[in-house]
Amino acid sequence: MDVADKSGQPLKMTPMLQQYLEIKEAHPGTILFYRMGDFYEMFFEDAEVASRVLGITLTSRSKKEGQRIPMCGVPYHAVSGYLGKMVKAGYRVAICEQTEDPKQAKGIVKREVVRVVTPGVTTDDQILDAGSNTFVCALYLKEIKENKNTTGKKKSAKNAHRTAGLSFLDVSTGSFFITEVPVPGDNLDQIIDEITRMQPAELLLPGDSLEQFTELTETLSTLLGELCVTEYQDHAFEYTNARTTLQEHFQVTNLAGFGCEEQQAAIRAAGALLSYIQDTQKTDLSYIKQLQHQSGTDFLIIDESSRRNLELTETIIGGKRKGSLLSVLDLTCTPMGARLLRQRLLFPLQDADKIQLRLAAVDKLLTDSVLQENLHEQLKGIYDIERLCSRLVLGQGNARDMDGLKISLGCLPEIKHLLAPIPSGLLQLIGVELDPIMDLHELITVSIRDNAPITLRDGRLIREGYNPELDELIVLLRDGKQLIANLEARERERTGIS
């Protein structure tokens, strides 16, 4: 890959810079965090952008012969804070790691991108809001075949009908939704209503339709603030590819069980979105276990204007949470409860029987103060299990996450004990179906140290005594010199050789 400096003169590339540019070319539209020892380095335009956004010093490399290559870097151990700033500023960041030991490398150390962090694809607590989901939304617009009218002429574009397939996925929790809405003529109001209700941080569109959605994305950016719009490969939105992606992930032969078998536009959006998450995370996504179909008949549809005027989740002036209906109602103990309450405000039930079940459960808690207080006490000890599990499955967890999961699981048996004896109703159903996963709690308790270092590279995560082979390696690492000295002393005494 040929690169010129600002004067137009070709730059002389070292093998390292050549590798950097090749990886950068394979991940367009991202800022490349390129691992070099204990730092992530950025070069060229990426360095100029990152230094401005992060407020770090911009230096240069290869000043020989008047050539200047902009360069900046951030420490490996503190990358989370810098990532948060880049993502909040609307940038997509590709994390490039060394994939072989530099001491054993022949030539340039092998490197590859291990994940891509975007405004909508992150599991970092410093970026996420604990009380609300962070969604990526994929949109696909399907044209309905035009019918000829009585004069034999095709319908005009304004009279043509289209269907929009929408899908929303929160990588940090595994929540995955799918829906379709009609698009009469050029009226995109229903698309806007659905997207603004879910408030995604990122919008995924097929590359061949970006110009078609210019007006829509401008409107959404006005309503939602800065919205990261990402162009994704067209073939991922093709029906056969999208359907195969979903079937292979969920290991099913059809999508009837998810209630969307006949919704081709929605399947295209959901399949492309899942493919995008697979590409960015480059790891197992088994924690995404369900695709939930949002039907207009199940929930009361509240348009964007009504939600704003009713101040359901944020105020009209300033768009603040404080002062909204949600801020008044939200007395939840856990981040998971806060997100669930928000979703239920945005998706009110229409089924009278389900509404009565919820009301009966609330009435039970109001009239049984002992049950309420005991539940409250247990729930206070529960961490954000959804996001803990996601980070651990994605390989981004640490000892603190394991400890939080252990503490949370320790509360489940008592919650089950409190709810299961209730004679009937929703609370009893929750108690009966709740699996306390005591075997996992026991495994974490016996295998993970109580005060293990937060960062995995420091080691000392597994308890001594859990695995004999590991214990032996730990002793060799920690006491190797003393073991050799003791062996030397024994051999001197046995042989008489000084």
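## Salt bridges

In this predicted model, the structure holds 21 salt bridges. Side chains of opposite charge can pair when their charged atoms come close. One of these bridges joins Arg-35 and Glu-97, whose closest N and O atoms are 2.8 Å apart. The two partners belong to distant parts of the chain: Arg-35 is in strand β1 (residues 31–36), whereas Glu-97 is in strand β5, 62 residues apart. Arg-35 is buried, with a relative accessible area of 12%. Glu-97 is likewise buried, at 17%. Both values fall under the 20% cut-off, and therefore each residue counts as buried.

A salt bridge also links the side chains of Asp-403 and Lys-406, with an N to O distance of 3.7 Å. These residues are three apart in helix α14, so about one helical turn separates them. The two partners fall into separate accessibility classes: Asp-403 is partly exposed at 28% relative accessibility, whereas Lys-406 is buried at 14%.

## A bridge within a loop, and a network

The side chains of Arg-449 and Glu-464 form a salt bridge as well, at 3.5 Å from N to O. Arg-449 and Glu-464 both lie in the loop between α16 and α17, so their pairing ties together parts that are 15 residues apart in sequence. Arg-449 is partly exposed, with 25% relative accessibility, and Glu-464 is partly exposed, with a relative accessible area of 42%.

Through salt bridges that share partners, Asp-403, Lys-406, Asp-450 and Arg-463 are joined into one network.

## The cavity

What is the count of cavities of 30 Å³ or more? The count comes to one. The largest cavity has a volume of about 30 Å³. Its lining is made by Met-402, Asp-403, Lys-406, Ile-444, Ile-448, Arg-449 and Asp-450. Helix α14 gives the largest share of this lining, three residues. By class, the lining has three nonpolar residues, four charged residues and no polar ones.

Several names from the salt bridges return here. Asp-403 and Lys-406, which pair with each other, are both part of the cavity lining. Arg-449, the partner of Glu-464, also lines the cavity, as does Asp-450, a member of the network.

## The second largest pocket

The second largest pocket has a volume of about 1,200 Å³. It is lined by 38 residues, of which Ser-80, Arg-115, Gln-396, Gly-397 and Asn-398 are the closest to its centre. Two or more lining residues come from each of the elements α3 (79–88), β5 (93–98), β6 (111–117), α13 (385–393) and α14 (399–419).

The lining divides into 14 nonpolar, 13 polar and 11 charged residues. Two of the contributing elements, β5 and α14, have already appeared above: strand β5 holds Glu-97, and helix α14 holds Asp-403 and Lys-406.

## A nonpolar patch on the surface

Ile-437, Leu-440, Leu-443, Val-446 and Tyr-466 make a nonpolar surface patch of about 370 Å². Tyr-466 is placed in the loop between α16 (438–447) and α17 (468–495). The loop between α16 and α17 also carries the paired residues Arg-449 and Glu-464. Tyr-466 is partly exposed, with a relative accessible area of 39%. A patch takes residues with over 30% relative accessible area, so the value for Tyr-466 meets that cut-off.

## Residues with positive phi

Gln-199 is not a glycine, yet it has a positive phi of about 50°. It lies in the loop between α4 (189–198) and β10 (202–206) and is partly exposed, with a relative accessible area of 26%.

Lys-282, also not a glycine, has a positive phi of about 50°. The place of Lys-282 is the loop between α7 (264–281) and β12 (292–293). At 42% relative accessibility, Lys-282 counts as partly exposed.

## Overall form

The secondary structure of the protein comes to 17 helices and 12 strands. Taken along the principal axes, the C-alpha atoms fill a box of roughly 105 × 75 × 50 Å. Of the 498 residues, 42% count as buried; Arg-35 is among the buried residues, as are Glu-97 and Lys-406.

Note on methods:
Residues are numbered from 1 along each chain as its sequence is written. This is a predicted model: local features need pLDDT of at least 70, side-chain atom pairs count only at pLDDT 80 or more; totals for chains, interfaces and linings use all residues. Side-chain values use heavy atoms; hydrogens and water are left out. Patches are made of residues with over 30% relative accessible area and no salt bridge: like charges are joined within 9 Å, nonpolar side chains (Val, Leu, Ile, Met, Phe, Trp, Tyr) within 5 Å. Accessible areas come from the Shrake-Rupley method with a 1.4 Å probe; for residues, only the protein chains shown count as cover. A salt bridge is a side-chain nitrogen of Lys or Arg within 4 Å of a carboxyl oxygen of Asp or Glu. Helices (H or I, at least four residues) and strands (E, at least two) are DSSP runs, numbered from the N terminus. Buried means under 20% relative accessible area, exposed over 50%, partly exposed in between (1.4 Å probe, protein chains only). On a 1 Å grid over the protein atoms alone, a cavity is a set of points where a 1.4 Å probe fits but cannot get out, and a pocket is an open set with protein on both sides within 12 Å along at least five of seven lines; lining residues have an atom within 4 Å of a point. Grid points are joined across faces, edges and corners, and a volume is the space filled by probe spheres set on the points. Ala, Val, Leu, Ile, Met, Phe, Trp, Tyr, Cys and Pro count as nonpolar, Asp, Glu, Lys and Arg as charged, and the others, Gly among them, as polar.
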